[in-house]
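Subject: The structure, and what turned up in it

Hi,

Here is the structure for you to open up and turn around. Have a look at it before you read on, and then go through my notes with it on screen.

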Amino acid sequence: MRSYKKLVRDLIPDIIKGNGEEPVTRILDDAEYKLELEKKLVEECNEVLSADMSEERLEELADVVEVIRALASVEGKTFEDVLDIAKKKRDKRGAFGQKIFLEEVK
C-alpha cells in the first residue's frame, strides 16, 4: 500500500479504480480544503521550477492555474475575477515583459 496524504484532482480515484486498485479517500472540510489547496499551490509551483522541457513546464503551469481556480472559488470568487484583477494590476503597474531587475533605489 502506498501512502499519499494529499489533495488530488476529482477524477483520480476513478483512474485508480480503473487500474484495478482501491483508493482510500475522505472529503475535506472547508478549512482543511483551503490548507491543502495552499500546499498544492506550493507543490505545483515547485514542479514548474523543476520541469525541464517546455511541454512539461506547460503541463505544470496548467496545474498551477487549476489550483488558483480552486483557491479563488474558496474565496467566493471566480478565475475570471482573478484575471480581471491581474489585468487591472498590469494596467496600473505593468507586467514582467521588459525583464526589468531593480538593483536598488537611491
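A quick definition before the pockets: a helix here is a DSSP run of H or I with at least four residues, and helices are numbered from the N terminus. Also keep in mind that this is a predicted model.

**The largest pocket**

How do you find empty space in a protein? Rolling a probe the size of a water molecule over the atoms shows where empty space is left. In this model, the largest pocket has a volume of about 1,600 Å³. It has 34 lining residues, and those closest to the centre of the pocket are Tyr4, Lys6, Leu7, Val8 and Thr25.

Which helix gives the most to that lining? Helix 2 does, with nine residues. You can find helix 2 at 30-50, and it shares the job with helix 1 (12-18) and helix 3 (54-74), since each of these three supplies at least two lining residues. As for chemistry, the lining of the largest pocket divides into 16 nonpolar, 16 charged and two polar residues.

**The second largest pocket**

The second largest pocket holds about 230 Å³ of space. Its lining is made of Ala86, Lys89, Arg90, Arg93, Gly94, Ala95 and Phe96. Sort those by type and you get three nonpolar, three charged and one polar.

**Three residues of helix 2**

Let's zoom in on helix 2, starting with Glu36, which is found there. Is Glu36 buried or exposed? Buried means under 20% relative accessible area, and Glu36 counts as buried because its relative accessibility is 17%. Leaving out residues up to four places away in sequence, Glu36 touches Lys6, Leu7 and Leu28. The side chain of Glu36 also makes a polar contact with the side chain of Lys39, at 3.1 Å.

Lys40 lies in helix 2 as well. With a relative accessibility of 11%, Lys40 is therefore buried too. Again not counting residues up to four places away in sequence, Lys40 touches Lys6, Leu7 and Val67. Try finding Asp63 from here: Lys40 and Asp63 are 23 residues apart in sequence, and their C-alpha atoms are 9.3 Å apart in space.

Then there is Glu32, another residue of helix 2. Glu32 has a relative accessible area of 27%, so it counts as partly exposed. The side chain of Glu32 makes a polar contact with the side chain of Arg26, at 3.1 Å. Pick Asp10 for another distance: it is 22 residues from Glu32 along the chain, and 16 Å separates their C-alpha atoms.

**The nonpolar core**

In soluble globular proteins, nonpolar side chains tend to be buried together. Which residues form the largest nonpolar core in this model? There are five: Leu7, Leu37, Val67, Ala70 and Leu71. Helix 3 gives the largest share of this core, with three residues.

Leu71 is a good one to click on. Not counting residues up to four places away in sequence, Leu71 touches Lys34, Leu37, Glu38 and Leu41. You'll recognise Leu37 from the core itself, and Leu7, another core member, is one of the residues that Lys40 touches.

**The loop after helix 3**

Thr78 is found in the loop between helix 3 and helix 4 (79-93). Thr78 counts as partly exposed because its relative accessibility is 39%. Ile68 is 10 residues from Thr78 along the chain, and their C-alpha atoms are separated by 9.5 Å.

**Two unusual backbone angles**

Most residues other than glycine have a negative phi, and most peptide bonds are trans. Where are the two lysines to look at here? Lys5 is in the segment before helix 1, while Lys99 lies in the segment after helix 4.

Lys5 is not a glycine, yet it has a positive phi of about 50 degrees. Lys99 is not a glycine either, and its phi is positive at about 60 degrees. Are they buried or exposed? Exposed means over 50% relative accessible area. Lys5 has 77%, so it is exposed, and Lys99 counts as exposed because it has 73% relative accessibility.

That's the tour. Enjoy clicking around!

Cheers

Definitions and conventions:
Residues are numbered from 1 along each chain as its sequence is written. This is a predicted model: local features need pLDDT of at least 70, side-chain atom pairs count only at pLDDT 80 or more; totals for chains, interfaces and linings use all residues. Side-chain values use heavy atoms; hydrogens and water are left out. On a 1 Å grid over the protein atoms alone, a cavity is a set of points where a 1.4 Å probe fits but cannot get out, and a pocket is an open set with protein on both sides within 12 Å along at least five of seven lines; lining residues have an atom within 4 Å of a point. Grid points are joined across faces, edges and corners, and a volume is the space filled by probe spheres set on the points. Ala, Val, Leu, Ile, Met, Phe, Trp, Tyr, Cys and Pro count as nonpolar, Asp, Glu, Lys and Arg as charged, and the others, Gly among them, as polar. Buried means under 20% relative accessible area, exposed over 50%, partly exposed in between (1.4 Å probe, protein chains only). A polar contact is a pair of N or O atoms within 3.5 Å; within protein, one must be able to donate a hydrogen and the other to accept it, and residues adjacent in sequence count only if both atoms are side-chain atoms. Contact means heavy atoms within 4.5 Å. A nonpolar core is a set of buried Ala, Val, Leu, Ile, Met, Phe, Trp, Tyr and Cys residues joined through side-chain atoms within 4.5 Å.
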